[in-house]
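Me: Please take a close look at the open and enclosed spaces in this protein. I would like to know what lines them, and then how the neighbouring parts are arranged.

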Amino acid sequence: MTTSADLRIHNLVRLLRAVHDADEPLTRAGVARLLGIGRNTAAALVGELEAAALLHEVPAGATGRGRPTTSLLPHPDGPVAIAADLREDTWTLARIEVGGRLTELASGEHDRTPAVFAEIRAATRRHAGDRLAALGVAVAGPVRHGRRLHISHLDWDDVDLAEHVGDEWPTTVDNDARLAGLAEARRGALRGAGTALHFHIDFDIGGTLLLGGDAQRGAGNIAGEFGHMPLTGSPLWCRCGVQGCWSLQVGTNALLRHVGQEAGHGRGREAGREILARAEAGDARAGRAVDDNAAALGHGLGALANALDPEVITLSGLGVELLRLRRDLIERSCAEKLMRFRRAEPPSILAGTVGEASPLRGAAELAFDTILTPAWLQARLPARPPAGASARASMTARRP
Ligand SMILES: [Zn+2]
């Protein structure tokens with residue numbers, strides 16, 4: 001049974017969520033329209049959120065017509081999430097407020113062992129303050145059942161997160177490519193997209209299918225390993241144990257391999273960027289390495305588009321650079337692998353707009369998902385006397 005108290009909490013969560021998701025600060029009148037509630041109800045809900053130090057209401061600038069309204073900002077004492085991006089050789093930590101403002105806090109190199117989680121926890125503790133509500137971590141590999149890590153670049157096979165992630169804060173850990181896609185769906189180029197694919201390219205390529213903004217997880221939270229499909233027929237064996245993975249031809253490792261440099265083990269990101277720069281400056285060998293990467297990327301995208309029919313495909317990480325340098329080749333290669341009847345309406349291939357920090361942003365979104373809930377809000381709000389009870393009765397009530 002839904003009570004009026006349930007409805008109130010439900011609307012408080014919707015309101016806070018709307019403020020968090022908005023590109024620009026919402027006004028109180030705007031949020032009332034967005035949520036389909038009356039102005040008086042909106043004023044009461046905002047008042048409650050302000051009293052609980054969740055929102056801060058300030059007079060809005062003149063809007064020309066209508067009654068003056070207020071802008072809804074994150075409260076200076078409100079909850080924050082900390083997000084960590086754990087890459088093969090480095091980590092970055094950032095604080096994100098309600099509304100999405102991101103402040104980078106710390107970064108470092110690591111020794112390529114799971115001891116890095118203790119480093120991240122220590123850094124989080126240093127920066128936590130009393131506003132930290134949840135922690136989100138992006139990792140460059142599959143996170144089976146949300147708990148068991150398999151990162152072949154690091155030779156981590158079945159690392160149990162329970163042994164490495166403490167319980168000081170609610171913590172979620174997920175795959176970086178999926179989180180980059182989630183960030184694009186919430187705050188970037190995939191806003192409002194129905195069926196979309198996102199690919200994050202770093203040492204190799206990972207991705208996610210997004211349906212109505214939801215990044216698909218599969219049965220064991222390990223969907224989206226598109227890089228480990230034999231889409232382009234490489235004769236090489238992949239570190240994942242399969243021959244011919246798409247990842248062997250797309251990403252930094254493939255660039256390095258193409259110019260005869262050692263690839264694998266998550267080393268050489270800078271060397272990969274140098275190959276792109278040399279290609280841009282006209283170096284023929286580097287140019288062929290980039291061509292090969294771009295063609296393999298396009299071929300794989302075409303094959304996946306045949307299967308999944310996305311309206312739009314976005315790229316992050318190295319993919320943004322590949323698109324800048326070789327858009328024509330990527331689109332042509334994609335079209336070559338599209339079934340003929342699809343070629344008149346190929347999916348758009350776009351650079352993501354969230355930027356370099358997209359896995360970090362996605363990790364923060366996941367952290368906020370764990371706290372912007374009725375249960376969390378209920379615990380956060382000051383206790384209210386039940387309707388009809390006298391103030392005296394509520395004062396004598398004791399918490400268990
Ligand atoms: Zn593989």
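Reply: What follows covers the largest pocket, then the largest cavity, and then a helix pair and two loop residues.

The model is predicted, and the values below are computed from it. The largest pocket holds about 500 Å³ of space. Its lining is made up of 24 residues, and those that lie nearest the centre of the pocket are Gly 141, Pro 142, His 150, Glu 225 and His 228. Four elements give two or more residues to this lining: the strands β9 (148-151), β10 (156-160) and β13 (205-211), and the helix α5 (176-187). By residue type, the lining of the largest pocket has 9 nonpolar, 8 polar and 7 charged members. Two domains take part, since at least three lining residues come from each of domain 2 (80-179 + 358-374) and domain 3 (191-351).

The enclosed space is a separate matter. There is 1 cavity of 30 Å³ or more, and the largest cavity has a volume of about 60 Å³. The residues that line the largest cavity are Phe 117, Ile 120, Arg 121, Leu 135, Val 137, His 164, Val 165, Gly 166, Trp 169 and Thr 171. Helix α4 (116-128) and strand β7 (132-139) each supply at least two of these residues, and α4 gives the largest share, 3 residues. The cavity lining divides into 6 nonpolar, 3 polar and 1 charged.

The helix pair is α8 (residues 284-308) and α9 (residues 318-337), whose axes come within 7 Å and cross at roughly 45 degrees. Because of that angle, α8 counts as oblique to α9. The crossing of α8 past α9 is right-handed. In the contact of α8 with α9, the residues are 10 nonpolar, 7 polar and 4 charged.

Two loop residues complete the account. Arg 112 sits in the loop between β6 (102-109) and α4, the helix that also gives 3 residues to the lining of the largest cavity. Phi of Arg 112 is near 65 degrees, which is a positive value in a residue other than glycine. Asn 221 is in the loop between β14 (214-215) and α6 (252-258). Asn 221 likewise is a residue other than glycine with a positive phi, near 65 degrees.

Definitions and conventions. Residues are numbered from 1 along each chain as its sequence is written. This is a predicted model: local features need pLDDT of at least 70, side-chain atom pairs count only at pLDDT 80 or more; totals for chains, interfaces and linings use all residues. Side-chain values use heavy atoms; hydrogens and water are left out. Axes are lines fitted to C-alpha atoms, for helices over the stretch in contact, and angles run from 0 to 180 degrees between N-to-C directions. Angles under 35 degrees count as roughly parallel, over 145 as roughly antiparallel, 65 to 115 as roughly perpendicular and the rest as oblique. A crossing is left-handed if the near helix is turned anticlockwise from the far one by less than a right angle, and right-handed if clockwise. Ala, Val, Leu, Ile, Met, Phe, Trp, Tyr, Cys and Pro count as nonpolar, Asp, Glu, Lys and Arg as charged, and the others, Gly among them, as polar. On a 1 Å grid over the protein atoms alone, a cavity is a set of points where a 1.4 Å probe fits but cannot get out, and a pocket is an open set with protein on both sides within 12 Å along at least five of seven lines; lining residues have an atom within 4 Å of a point. Grid points are joined across faces, edges and corners, and a volume is the space filled by probe spheres set on the points. Domain bounds come from an automatic or database domain assignment.
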